[in-house]
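Student: Please take a close look at one part of this model and describe how its charged side chains pair. A connected account would help.

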Amino acid sequence: MLRRKPTRLELKLDDIEEFESVRKELESRRKQRDEAEAAAGGEEAAAAIGALGTEHKSREQLISERIGYKPQPKAG
């Protein structure tokens, strides 16, 4: 196999400006999403407190739901 010298990458001012603009846009989206979740979270918290007494799941069931595992019962 032939070896060659590593390629040199140069960072230009345009690249830096583009990166900064994309980063700021993502941060603003994240901030808006967090604010929306915080507003909706207050309403959901009240509903969740009422639902805790009626819906009690085991730790294994909660983990299975979170990771998307749905075990099928074995036919005996």
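**Salt bridges along helix 1**

Tutor: Glu27 and Arg23 form a salt bridge in which the closest N and O atoms are 3.4 Å apart. This is a predicted model, and the distances that follow are computed from it. The bridge counts because a side-chain nitrogen of Lys or Arg has to lie within 4 Å of a carboxyl oxygen of Asp or Glu. In sequence, Glu27 and Arg23 are four residues apart in helix 1, which means that about one helical turn separates them. Side chains of opposite charge can pair when their charged atoms come close.

Arg23 also has a second partner. It forms a salt bridge with Glu20, and here the closest N and O atoms are 2.5 Å apart. The spacing is three residues within helix 1, so Arg23 and Glu20 are again separated by about one helical turn.

None of these side chains needs to be looked for in the interior. Arg23 has a relative accessibility of 35% and therefore counts as partly exposed. Glu20, at 27%, is partly exposed, and Glu27 is partly exposed at 39%. The limits behind that label are 20% and 50%: buried means under 20% and exposed means over 50%, with partly exposed in between.

A further pair belongs to the same helix. Arg29 and Glu25 meet through their side chains in a salt bridge, at 2.5 Å from N to O. Both residues lie in helix 1, four residues apart, about one turn of the helix. Glu25 is partly exposed, with 39% relative accessibility. As for the earlier pairs, salt bridges with shared partners join Glu20, Arg23 and Glu27 into one network. In total the structure holds three salt bridges.

Two surface patches complete the account of this part. The charged one is negative: Asp14, Asp15, Glu17 and Glu18 gather there on the surface. Glu17 lies in helix 1, which covers residues 13–52, and its relative accessible area of 47% makes Glu17 partly exposed. Membership of a patch requires over 30% relative accessible area and no salt bridge, so a residue such as Glu27, which is bridged to Arg23, is left out of it.

The other patch is nonpolar. Leu11, Leu13 and Ile16 form it on the surface, and together they have about 320 Å² of accessible area. Leu13 is placed in helix 1 and is exposed, with a relative accessible area of 59%.

The setting is simple to state. The chain has two helices and zero strands. Of its 76 residues, buried ones make up 1%. The accessible surface of the chain comes to about 8,200 Å², and carbon and sulfur atoms account for 55% of that surface.

Key. Residues are numbered from 1 along each chain as its sequence is written. This is a predicted model: local features need pLDDT of at least 70, side-chain atom pairs count only at pLDDT 80 or more; totals for chains, interfaces and linings use all residues. Side-chain values use heavy atoms; hydrogens and water are left out. Patches are made of residues with over 30% relative accessible area and no salt bridge: like charges are joined within 9 Å, nonpolar side chains (Val, Leu, Ile, Met, Phe, Trp, Tyr) within 5 Å. Accessible areas come from the Shrake-Rupley method with a 1.4 Å probe; for residues, only the protein chains shown count as cover. Lys and Arg count as positive and Asp and Glu as negative; His and the chain ends are not counted. The place of a charge is taken as NZ of Lys, CZ of Arg, CG of Asp or CD of Glu. Buried means under 20% relative accessible area, exposed over 50%, partly exposed in between (1.4 Å probe, protein chains only).
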